[in-house]
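Please open the model in your viewer and keep the selection tool at hand. The stops below follow one another, each beginning with something to select.

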Amino acid sequence: MAIKKRNALVALSAALLLGGCATGAPAGSGSGDASNAAQQQKVGVVGTQDQIQDVKKFCGTKPLTVAFADGFGGNSWRKITRKLFEEEAAKCPNITKVLYTDAQGDTQKAISDLNSLVAQKVDVIVTFVDGGEALLPTIKKATAAGVKVVPFVGSPGGTPGKDYVDFVSEDIKTYGSALAEWTVNAMHGKGNLVMLGGIAGNSYSQGVYQGVLDAVKKHPDVKLLNTDGPVATDWEPGKTQQVVAGLITKYGPIDGIVSDYGGGSVGGVRAFIAAGKPLPVWSANDSNEFGCLWYQYKASQPSYQIATESSRNWIVTVALHKGLAAANGIADDEPSTYDLKIIEDSTDPAKQPKCEKSLPPDAILSSGLSVSDLQALFK
């Protein structure tokens, strides 16, 4: 799928981790300040997945329309995330309509989609902002119109609790630095490293890249080859294979890769195999096929090791909770920022990679969807 270029600068998601508590009047005030969207909303709270609460606490009773405004819906991660959003919304009997828009990687379409949802009197918008700060004016307008907007994973910049209800994500820099540290250690502290991102200019990949930079600075014998930012792959396996093939030609030996998308990384693995080059140490977020490929090649590639953190699709449910809480004037003290840990590590017998052959390659085992839901989604 072709991805149109962004024209806006992108703010690092890590800047949004600075948050406080906001209080205000009940929902529906239309004041334009998201802090007035609920009696009490906490923003910027750091925590763990086990602190996520039951959505029924935030449903309320009045009829609501909710929407998921996706910046790009063209890969498996986005499809799983949409399914999770729809399943979570279905648990609230008072949610009478669930809408979905796909901007297809086009910032102008993302702006148009948000404006259209506001015109349709949507109460809550959960959005993955691929266009970064270019979306912030539109999000602020939606907030001023009384819509409860909650960006997740991709940051629009601005101020959580004021310009929108809250921003929900993992600690992005920590994610990048933790995977980079593991990768560098598996490289024995020396060699060439590459960081693969997604759509060019997106705030999420930029934040991960900053974490990788922080880790690499501690290891003078490791050279980060892409010094001007994450390598754009559009988060698509086919595009990733093409891009990595080009990196192999351009740089020669590559000893380690940090990627912010395990599902796309499978294309990169195939690029090394097609080129007849040794597979590097590789870290990413989890994907069924990414784990299965390690089992396929570990015998013939003894230096090939992988590690993953959760692909954390489940974060979309928290974004919905916060939007519902704001719309209903209900306090929500769930974390906004989630600390993630390495869940698969081929060098650790207790954390061996997972490969579920009964599930399709695109399945994400840590997503929060059941096995039957994953099978149905990708049949």
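**Disulfides first**

Counted along the chain, the bonded cysteines of this predicted model follow the disulfide pattern 1-2, 3-4. Two disulfides are found, and each can be visited in turn.

Select cysteine 59 and cysteine 92, which are joined by a disulfide with an S to S distance of 1.9 Å. The torsion about their S-S bond is about -70°, so this disulfide is left-handed. Cysteine 59 sits in the loop between E3 and E4, whereas cysteine 92 sits in the loop between H1 and strand E5 (95-102), and the pair links parts of the chain 33 residues apart. Cysteine 59 counts as buried at 4% relative accessibility, and cysteine 92 counts as buried at 2%.

Move next to cysteine 292 and cysteine 355, whose disulfide has an S to S distance of 2.0 Å. This link is right-handed, with 95° about the S-S bond. Because cysteine 292 lies in helix H8 and cysteine 355 in the loop between E15 and helix H10 (371-377), the pair ties together parts that are 63 residues apart in sequence. Cysteine 355 counts as partly exposed, at 24% relative accessibility.

**Around strand E13**

From helix H8, select strand E12 (residues 281-285) as well as E13, since the three elements make a right-handed β-α-β unit. E12 and E13 pair in the parallel sense over four bridges, and tryptophan 282 stands opposite isoleucine 306 in E13. Adding strand E15 (residues 342-345) shows an antiparallel partner, joined to E13 by three bridges, with glutamate 344 of E15 as the bridge partner of threonine 308. Now show the side chains of E13 (residues 306-309), where both faces are covered: Ile306 and Thr308 are buried on one side, and Ala307 and Glu309 on the other.

**The nonpolar cores**

Select Val66, Val126, Phe152, Val168, Leu193, Val212 and Leu324, which have the most contacts inside the largest nonpolar core, a set of 65 residues. Among the elements that give two or more residues to this core are strand E4 (64-70), helix H4 (172-186) and helix H9 (315-328); H9 gives the most, with nine residues. Centring on valine 212 and leaving aside neighbours within four places in sequence, one finds contacts with Gly176, Ser177, Ala180, Leu193, Met195, Leu224 and Val258. A second, separate core has 23 residues, including Ile248, Phe272, Ala284 and Leu293.

**A three-stranded sheet**

Finally, select the open sheet with the order E3-E14-E8 and parallel pairing. Strand E3 (46-47) and strand E8 (169-170) are its edge strands. E8 pairs with strand E14 (residues 337-338) over two bridges, and glutamate 170 stands opposite tyrosine 338 in E14.

Definitions and conventions
Residues are numbered from 1 along each chain as its sequence is written. This is a predicted model: local features need pLDDT of at least 70, side-chain atom pairs count only at pLDDT 80 or more; totals for chains, interfaces and linings use all residues. Side-chain values use heavy atoms; hydrogens and water are left out. Two strands pair if DSSP finds at least two bridges between them. A nonpolar core is a set of buried Ala, Val, Leu, Ile, Met, Phe, Trp, Tyr and Cys residues joined through side-chain atoms within 4.5 Å. Buried means under 20% relative accessible area, exposed over 50%, partly exposed in between (1.4 Å probe, protein chains only). Contact means heavy atoms within 4.5 Å. A crossover is right-handed if, with the strands pointing away from the viewer, the path from the first strand over the helix to the second runs clockwise. A disulfide is a pair of cysteine sulfur atoms within 2.5 Å.
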